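Colleague: Please take me closely through one part of this model, the sheet at the start of the chain, and then place that part among its surroundings. I should like one connected account that I can follow residue by residue.

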Amino acid sequence: MPERIGLLVGMENSFPPAFIERVNRESSSTGVVAELAKIGETRAEDWQSPYRVLIDRISQEIPHYRFHLKAAALSGTYVINDPFWWSADDKFFGYSLASKLGVAVPRTVMLPQKDYMHRIDKSRSLRNLEFPLDWEAITKYVGFPAILKPADGGGWRDVYVVKNFEELMRAYDSSAQLVMTLQEFIDFDEYIRCICIGREAILPIKYDPKRRCYVVTPGGFMSKELEAKVREGAFKICDALGYDMNSVEFAVRDGIPYAIDFTNPAPDMAKESVLEPHFSWCVEEMAKFTIKVARDGRSSLGEHYRFSRYLPPHLRATTPGDQPKIAVGGSK
Ligand SMILES: Nc1ncnc2c1ncn2[C@@H]1O[C@H](COP(=O)(O)OP(=O)(O)O)[C@@H](O)[C@H]1O
Ligand SMILES: [Mg+2]
């Protein structure tokens with residue numbers, strides 16, 4: 001029986017068929033096949049996912065898939081990306097972690113929500129909150145212009161550039177129940193998005209945030225020194241978060257790459273947005289990595305999940321590469 005790789009997707013229509021075709025082209029020599037995963041009911045007892053590897057590109061929008069993937073991981077499937085960690089992750093944690101890894105991040109402050117679900121009685125339920133906030137200290141630390149954006153967001157939703165206190169208040173007042181961060185605006189000379197696969201393969205691509213598109217640069221676009229910093233930062237972030245598929249954005253100011261957006265466990269890999277030759281790189285690296293994973297028998301359940309110590313040994317095989325590969329520390 002071949003090992004099966006299942007792909008969970010939303011509307012995207014270029015990466016899935018290209019990936020499946022690429023994996024299946026080699027099936028006779030690798031013993032691995034790929035297909036769109038089919039998911040129906042999931043049983044709690046004696047259930048085994050038919051997939052050796054599941055690649056999740058959509059569970060952020062379909063909670064049922066996320067729950068299914070956690071059960072699949074428990075049955076021995078290697079899930080990309082780890083559904084347990086993805087459920088726990090948020091952007092603000094990412095900034096806090098990156099700064100501890102010695103990766104430069106903009107000065108960032110998380111704010112209490114402006115508003116709350118209707119069950120919350122503001123006069124009785126919010127006793128833990130400091131009120132009013134010390135806006136003077138916050139804005140002095142971050143400075144203007146600043147970016148106000150969700151502490152856990154995506155797709156440029158609810159991202160504001162605020163030039164002064166009045167603009168900040170207007171944007172904050174409209175943020176409703178979102179948890180927002182106020183962040184130093186990095187007036188960048190260069191903007192880079194790295195697509196990162198298998199915590200090893202990293203493709204830094206020039207990105208134009210004004211036009212919101214990737215840019216093809218046949219002759220390269222970075223100095224060797226900058227590229228080394230970008231690669232090291234992207235690698236540390238993906239290895240620390242444990243994401244096998246991610247995109248990591250840097251804004252470069254005065255030669256320093258600041259990590260801006262790097263918790264993207266279902267990164268855009270559409271041909272029309274990442275463009276060639278980047279698209280073919282994504283297909284090739286995803287295929288190589290997932291075929292390797294399908295064959296080496298690894299599980300998603302490292303010892304860091306307490307429940308894994310109660311599982312049979314073959315289910316709690318730690319992921320190869322669980323040890324940190326780069327010494328961390330330092331600050332920006
Ligand atoms: N601190 C910042 N400095 C400069 N530009 C920023 C900053 N934060 C966000 N941006 C701009 O806003 C865009 C969207 O913000 P981002 O953090 O990437 O959120 P999303 O997850 O919605 O993509 C970025 O691509 C970048 O162009
Ligand atoms: Mg972004």
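Modeller: In this predicted model, the centres of domain 1 and domain 2, taken over C-alpha atoms, are separated by 37 Å. The division of the protein gives domain 1 as 3-87 + 282-315, domain 2 as 107-184 and domain 3 as 187-278. Domain 1 is thus written as two segments, 3-87 and 282-315.

The sheet that you ask about is an open one of 4 strands, in the order S2-S1-S3-S4, and its pairing is parallel. S2 and S4 (78-80) stand at its edges; each has a single partner strand, so one side of each is left without a neighbour in the sheet. From one strand to the next, the twist averages 20°.

As background, the strands of a sheet pair through backbone hydrogen bonds, in either the parallel or the antiparallel sense. Here, strand S1 (residues 3-8) runs parallel to strand S2 (residues 32-36), and 5 bridges join the two. Two of the bridge partners can be named. Glu3 has Val32 of S2 as its partner, and Gly6 has Glu35 of S2.

Two helices pack on this sheet. Helix H1 (residues 15-25) touches S1 and S2, and its direction makes about 160° with that of S2. Helix H3 (residues 63-74) touches S1, S3 and S4, and its direction makes about 155° with that of S3. S1 is therefore touched by H1 and by H3.

S1 is also joined to strand S3 (residues 53-56), by 4 bridges, and these two strands run parallel. In this pairing Ile5 stands opposite Val53 of S3.

A second sheet may be set beside the one just described. This sheet is also open and has 4 strands, but its order is S5-S8-S6-S7 and its pairing is antiparallel. The edge positions belong to S5 and S7 (160-162); each of them has a single partner strand, so one side of each is without a neighbour in the sheet. Neighbouring strands of this sheet are turned against each other by 25° on average, direction ignored. S6 and S7 pair in the antiparallel sense over 3 bridges, and Ala146 has Val162 of S7 as its bridge partner.

Strands of this second sheet lead to the ligand. S6 (146-150) and S8 (180-184) each supply at least two residues of the shell around ligand 1, as do S12 (245-253) and S13 (256-261). Domain 2 and domain 3 each contribute at least three residues to that shell. Of the 18 residues around ligand 1, those that come nearest are Pro106, Ile147, Ile186, Pro209 and Asp261. By class, the shell holds 9 nonpolar, 4 polar and 5 charged residues.

S12 and S13 have a loop between them, and Asp254 lies in that loop. Its phi is positive, about 50°, although Asp254 is not a glycine. A residue with 12 or fewer C-beta neighbours within 10 Å is classed as exposed; Asp254 has 8 inside 10 Å and therefore counts as exposed.

Leu275, in the loop between H9 and H10, is another residue other than glycine with a positive phi, in this case near 65°. Leu275 counts as partly exposed because it has 14 C-beta neighbours inside 10 Å. Pro277 is found in the loop between H9 (271-274) and H10 (278-296) as well, and the peptide bond that leads to Pro277 from Glu276 is cis, with omega near 5°.

A cis peptide bond also runs from Phe131 to Pro132, with omega near -5°. Pro132 has its place in the loop between strand S5 (108-110) and helix H6 (135-142), and S5 is an edge strand of the antiparallel sheet described above.

To return to the part you asked about: the sheet is parallel, with the order S2-S1-S3-S4. Strand S1 is joined to S2 by 5 bridges and to S3 by 4, while H1 and H3 pack on the sheet.

Key. Residues numbered from 1 in each chain as written. Chains lettered and ligands numbered in written order. Predicted model: local features only at pLDDT ≥ 70, side-chain atom pairs only at ≥ 80, totals over all residues. Near = placed C-beta within 6 Å. Nonpolar A, V, L, I, M, F, W, Y, C, P; charged D, E, K, R; others polar. Domains from an automatic or database assignment. Pairing = 2+ DSSP bridges. Buried ≥ 20, exposed ≤ 12 C-beta atoms within 10 Å, placed from the backbone. Axes fitted to C-alpha atoms, helices over the stretch in contact; angles between N-to-C directions. Contact = placed C-beta atoms within 7 Å.
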